[in-house]
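Reader: Could you take me through a close look at a single part of this model, and then connect that part to what surrounds it? I would like one continuous account rather than separate notes.

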Amino acid sequence: QVQLVESGGGLVQAGGSLRLSCAAVGSIFSINDMGWYRQAPGNERELVATITSGGSTTYADSVKGRFTISRDNAKKMVFLQMNNLKPEDTAVYYCSADIRRGIAQGGMDYWGRGTLVTVSS
């Protein structure tokens with residue numbers, strides 16, 4: 001079994017910071033891309049940021065310059081540092097990873113259960 005376990009959400013005032021963490025646990029051969037997505041009430045899930053195994057990153061325009069994605073390949077973890085948070089950043093944040101469970105297996109997308117980030121004005 002493979003699980004992604006998020007932590008670090010919470011309530012913060014506008015302008016504040018939070019750091020989300022996500023750990024991949026279980027039977028894992030390798031991890032390709034990892035990322036963070038979010039879903040606000042009444043909205044569809046949207047991409048926040050992604051990072052390849054080599055460290056290349058992409059960001060949604062709405063978070064560029066404020067959020068930073070990083071990963072620790074040895075610990076099988078991905079992080080999202082969120083600075084200058086705005087009320088519109090309020091959402092459930094989900095971790096995602098493309099994981100291979102064996103040398104002969106292709107990658108499969110896994111999702112965490114989500115962690116709630118609430119930004120008050």
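Author: Ser 96 is found in strand β9, and in this predicted model it counts as buried, because its relative accessibility is 8%, where the cut-off for buried is under 20% relative accessible area. Once residues up to four places away in sequence are set aside, Ser 96 touches Leu 4, Asp 33, Met 34, Gly 35, Tyr 37, Tyr 110 and Trp 111.

The pairing of the strand that holds Ser 96 can be followed next. β9 pairs with β4 in the antiparallel sense, over eight bridges, and within this pairing Trp 36 stands opposite Cys 95 in β9. β4 is also joined to β5, by five bridges, and these two strands run antiparallel; here Tyr 37, one of the residues that Ser 96 touches, stands opposite Leu 47 in β5. The hairpin of β4 and β5 has six residues between the strands, and Gly 42 in this hairpin takes a positive phi near 80°.

From the pairing one can turn to the packing of side chains. The largest nonpolar core has 30 residues, and those with the most contacts inside it are Trp 36, Leu 80, Met 82, Tyr 93 and Ile 99. At least two residues of this core are supplied by each of β1, β3 (18-26), β4 (30-39), β5 (46-51), β7, β8, β9 (91-100) and β11 (115-120), and the largest share, five residues, comes from β9. Tyr 93 shows how these parts meet: leaving out residues up to four places away in sequence, Tyr 93 touches Glu 6, Leu 20, Trp 36, Tyr 37, Arg 38, Val 48, Phe 67, Leu 80, Met 82, Gly 114, Thr 115 and Val 117.

Several of the strands that supply the core also belong to an open sheet, in which four strands follow the order β1-β3-β8-β7 with antiparallel pairing. β1 (2-7) and β7 (67-72) stand at the edges of this sheet, and because each has a single partner strand, one side of each is left without a neighbour in the sheet. From one strand to the next, the twist averages 15°. At the β7 edge, six bridges join β7 to strand β8 (residues 77-82), the two running antiparallel, and Arg 71 has Val 78 in β8 as its bridge partner.

The loop between β8 and β9 offers a contrast between two of its residues. Leu 85 has its place in this loop and is buried, with a relative accessible area of 1%, whereas Glu 88, found in the loop between β8 and β9 as well, is exposed, with a relative accessible area of 57%. Apart from neighbours within four places in sequence, Leu 85 is in contact with Val 12, Ala 14, Gly 15, Gly 16, Ser 17, Leu 18, Arg 66, Phe 67 and Val 119; of these, Phe 67 is also touched by Tyr 93. Both loop residues can be placed relative to Thr 118: Leu 85 is 33 residues from Thr 118 in sequence and 9.4 Å away in space, C-alpha to C-alpha, while Glu 88 is 30 residues from Thr 118 in sequence and 9.1 Å away in space, again C-alpha to C-alpha.

Technical notes: Residues numbered from 1 in each chain as written. Predicted model: local features only at pLDDT ≥ 70, side-chain atom pairs only at ≥ 80, totals over all residues. Heavy atoms only, no water. Pairing = 2+ DSSP bridges. Axes fitted to C-alpha atoms, helices over the stretch in contact; angles between N-to-C directions. Core = buried A, V, L, I, M, F, W, Y, C linked by side-chain atoms within 4.5 Å. Buried < 20%, exposed > 50% of the residue type's maximum accessible area, 1.4 Å probe, protein only. Contact = heavy atoms within 4.5 Å.
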